[in-house]
Amino acid sequence: MELMVRRPFHLEATVRLLQRRPSSVIDLWDESALAYRRVLPADGKHILCTVRNAGSIDAPSLALSVEAGRVSRAGLGEIKRALRTILGLEEDPSFALPVRSPALQLIERAMRGARPPRFPSLFESFCRIIPYQQLSLEAGGVLVRRFVERFGTRLDTAAGSAWAFPEAGDVAAACVGDFAGIGFSRTKIESLRNIASLVATGELAQDEIERLPTEIALRRLDALPGIGPWTAAVVLLRGFRRMDVFPSGDVGAMRGLRRILGPRVALGPLVERLGDRRGYLYFYSLGAQLLERGLIHPAAAEDSREEALYRDEPGGHP
């Protein structure tokens with residue numbers, strides 16, 4: 001089955017931005033098949049879905065395949081909608097900023113066709129952001145993986161193993177002892193259990209946050225126990241694709257931008273000047289680091305030169 005998308009579309013870059021780190025057990029990038037794999041719910045069961053770009057960045061042809069038995073027409077529609085949301089297939093294909101900066105333009109060319117990805121649900125957004133509070137991407141990624149393996153569902157198929165993301169009701173019903181060995185602090189455990197309970201009972205709903213203007217949504221999320229300004233901002237950016245949000249308290253993102261732009265650039269005024277595209281700075285910072293690590297292959301015509309440049313630069317950490 002085909003998923004329609006406007007050109008250009010850089011599937012690998014989009015998935016890598018979604019993963020943050022390749023150790024993700026939820027969003028899988030198959031390097032050999034150049035395909036994205038993800039378990040999604042449909043027809044009351046878990047379905048392993050695979051998306052592959054059978055074309056190119058400039059002439060994309062996204063092929064969707066599913067496993068785990070027959071899927072109804074309604075279930076298939078549900079899967080397609082989820083994937084379009086996650087991969088940003090309806091979004092502006094331009095990964096550009098109205099800023100004259102050679103360093104940013106280099107990243108822009110390398111990331112051409114990338115879309116800012118989005119976590120598919122409010123609950124998943126919180127669960128994939130709270131573990132990173134005051135931790136590095138590597139450490140936070142380890143906690144998320146342990147959390148998923150503890151409360152999620154493993155699906156073994158001919159294409160390999162993958163995990164369905166945990167359900168809010170299961171996490172809400174868990175006791176503190178069920179989190180033993182994951183590595184969460186007591187505060188994070190209580191935050192996750194509280195969010196799970198609010199989502200499971202409907203007291204906190206995706207549709208509610210979706211309808212709110214950004215500033216009001218930030219205040220609504222910030223008021224939740226264990227959720228501060230940084231978490232609220234990242235939830236809106238990565239969970240709702242609010243590109244008018246930049247998590248200014250994100251030390252890693254700011255460090256990554258300073259490494260790209262140099263120490264003399266005033267980041268505060270730059271963020272303000274970008275207005276409703278300021279969120280792209282977060283993804284530029286993350287994308288630059290993924291390029292340096294060789295996890296994203298540059299899309300620009302001068303691929304070989306750009307790839308060599310990123311390979312020769314010392315590693316960073318947005």
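Trainee: Which residue in strand 7 stands opposite T153?

Mentor: T153 stands opposite A164 in strand 7. This is a predicted model, in which local features need pLDDT of at least 70 and side-chain atom pairs count only at pLDDT 80 or more, while totals for chains, interfaces and linings use all residues. Residues are numbered from 1 along each chain as its sequence is written, and side-chain values use heavy atoms, with hydrogens and water left out.

Trainee: What makes strand 6 and strand 7 a pair?

Mentor: Strands are DSSP runs of E with at least two residues, and helices are runs of H or I with at least four, both numbered from the N terminus. Strand 6 covers residues 153-157 and strand 7 covers residues 160-164, and 5 bridges join them in the antiparallel sense. Two strands pair if DSSP finds at least two bridges between them, so these strands qualify. With 2 residues between them, strand 6 and strand 7 form a hairpin.

Trainee: How many bridges join strand 1 to strand 5?

Mentor: There are 2 bridges between strand 1 and strand 5 (residues 62-66), and the two strands run antiparallel. The bridge partner of E2 in strand 5 is A63. On the strand 4 side, R52 stands opposite A63, and strand 4 and strand 5 pair over 5 bridges, again in the antiparallel sense.

Trainee: Which strands are called edge strands in the open sheet?

Mentor: The sheet has 5 strands in the order 1-5-4-3-2, with antiparallel pairing. Its edge strands are strand 1 (2-3) and strand 2 (28-30), each of which pairs on one side only. Within the sheet, strand 3 (residues 35-42) and strand 4 (residues 45-53) are joined by 8 bridges, and L40 stands opposite I47. Strand 3 and strand 4 also form a hairpin with 2 residues between them, and D43 in that turn has a positive phi of about 55°.

Trainee: Why is R21 called buried?

Mentor: Buried means under 20% relative accessible area, exposed means over 50%, and partly exposed lies in between (1.4 Å probe, protein chains only). R21 has 4% relative accessibility and therefore counts as buried. R21 is found in the loop between helix 1 (11-19) and strand 2.

Trainee: Are L34 and Q134 in the same class, or what class does each one fall into?

Mentor: L34 has a relative accessible area of 45%, so L34 is partly exposed, whereas Q134, at 85%, is exposed. L34 lies in the loop between strand 2 and strand 3, and Q134 is in the loop between helix 4 (122-127) and helix 5. Each has a positive phi in a residue other than glycine, near 50° for L34 and near 60° for Q134.

Trainee: What makes a space in this structure a cavity?

Mentor: On a 1 Å grid over the protein atoms alone, a cavity is a set of points where a 1.4 Å probe fits but cannot get out, and lining residues have an atom within 4 Å of a point. The structure holds 1 cavity of 30 Å³ or more, and the largest cavity has a volume of about 120 Å³, a volume being the space filled by probe spheres set on the points.

Trainee: Which residues line the largest cavity?

Mentor: R21 is among them, together with Q19, R20, S23, S24, V25, I26, R128, Y132, G141, V144 and R145. Helix 5 (residues 137-151) gives the most to this lining, with 3 residues. By class, the lining has 4 nonpolar, 4 polar and 4 charged residues; here Asp, Glu, Lys and Arg count as charged, Ala, Val, Leu, Ile, Met, Phe, Trp, Tyr, Cys and Pro as nonpolar, and the others, Gly among them, as polar.

Trainee: What makes a group of residues a nonpolar core?

Mentor: A nonpolar core is a set of buried Ala, Val, Leu, Ile, Met, Phe, Trp, Tyr and Cys residues joined through side-chain atoms within 4.5 Å. The largest one has 97 residues, and those with the most contacts inside it include Y36, L83, M111 and F179. Helix 13 (residues 279-292) supplies the largest share of this core, 9 residues. A second, separate core of 5 residues includes V39, L48, L155 and A162.

Trainee: Which residues is M111 in contact with, leaving aside its neighbours within four places in sequence?

Mentor: M111 is in contact with A13, L17, F95, G287, L291 and I296, where contact means heavy atoms within 4.5 Å.

Trainee: Where is the cis peptide bond?

Mentor: The cis bond joins R7 and P8, with omega at about -5°, and P8 is found in the loop between strand 1 and helix 1.

Notes: 1 Å grid on protein atoms, 1.4 Å probe; cavity = no way out; pocket = protein on both sides within 12 Å on 5 of 7 lines; lining within 4 Å.
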